[in-house]
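Trainee: Could you walk me through one part of this model in close detail? I would like to start from a single residue and work outward from there.

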Amino acid sequence: MKDLFEILMEREKSVAEVYTYLAEHVEDSNVRETLKKLAEIEEGHYRRLKEIYDGILQPNINEALS
């Protein structure tokens, strides 16, 4: 489960970076704003996954290592 969350978090972060990069290089302001919004959504997904990871998975891993 830990590996799955780490992969999902990395994917969300990568997609957000792609959207941000594209937003910085597109000329159309409507497309730019859409890409920025999409990046924000992906960053929100990352933060939520991280909260779950830190709140549920990490304590269990630390407990198992004790």
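Trainee: Please take Glu12 as the starting point: which side chain of opposite charge is nearest to it, and how far away is it?

Mentor: Happy to. Glu12 is buried yet has no salt bridge, and the nearest side chain of opposite charge is Arg11, 9.2 Å away. Here buried means under 20% relative accessible area, exposed means over 50%, and partly exposed lies in between, with a 1.4 Å probe and protein chains only. A salt bridge is a side-chain nitrogen of Lys or Arg within 4 Å of a carboxyl oxygen of Asp or Glu. For charge, Lys and Arg count as positive and Asp and Glu as negative, while His and the chain ends are not counted.

Before going on, a word on the numbers. This is a predicted model, in which local features need pLDDT of at least 70 and side-chain atom pairs count only at pLDDT 80 or more, while totals for chains, interfaces and linings use all residues. Residues are numbered from 1 along each chain as its sequence is written, and side-chain values use heavy atoms, with hydrogens and water left out.

Glu12 sits in helix α1, residues 2-25. Helices are DSSP runs of H or I with at least four residues, strands are runs of E with at least two, and both are numbered from the N terminus. The chain has two helices and zero strands. For α1, 24 residues at 1.5 Å each should span 34 Å, and the end C-alpha atoms are 35 Å apart, which agrees; the expected span is 1.5 Å times one less than the number of residues. Buried along α1 are Phe5, Met9, Glu12, Ala16 and Ala23.

Now look at what surrounds Glu12. Not counting residues up to four places away in sequence, Glu12 touches Glu42, His45, Tyr46 and Leu49, where contact means heavy atoms within 4.5 Å. One of these partners, Glu42, belongs to helix α2, residues 29-65. Glu42 is also buried without a salt bridge, and Arg11 is its nearest side chain of opposite charge, 11 Å away. Leaving aside neighbours within four places in sequence, Glu42 is in contact with Glu12, Val15, Ala16 and Tyr19.

Another partner of Glu12 is Leu49, and Leu49 leads to the nonpolar side of the story. The largest nonpolar core has five residues: Phe5, Met9, Leu49, Tyr53 and Leu57. Both α1 and α2 give two or more residues to this core, and α2 supplies the largest share, three residues. Such a core is a set of buried Ala, Val, Leu, Ile, Met, Phe, Trp, Tyr and Cys residues joined through side-chain atoms within 4.5 Å. In soluble globular proteins, nonpolar side chains tend to be buried together. Phe5, for its part, touches Leu49, Ile52, Tyr53 and Leu57, not counting residues up to four places away in sequence.

So where are salt bridges found? The structure holds four of them, and three are worth a look here. Glu33 and Lys36 are joined at 3.7 Å, N to O; they are three residues apart in helix α2, or about one helical turn. Glu33 is partly exposed at 43% relative accessibility, and Lys36 is partly exposed at 38%. Arg48 pairs with Glu51, with the closest N and O atoms 3.1 Å apart, and these two are likewise three residues apart in helix α2, about one helical turn. Arg48 is partly exposed at 48% relative accessibility. Asp54 and Lys50 meet at 3.0 Å, N to O, four residues apart in helix α2, about one turn of the helix. Asp54 is partly exposed at 35% and Lys50 at 30%.

Finally, the wider setting. Val18 of helix α1 and Ala39 are 21 residues apart along the chain, and their C-alpha atoms are separated by 8.0 Å. Val18 is partly exposed at 46% relative accessible area. Among contacts between residues at least 6 apart in sequence, 63% join residues at least 24 apart. Buried residues make up 17% of the 66 residues in the chain, Glu12 being one of those buried.
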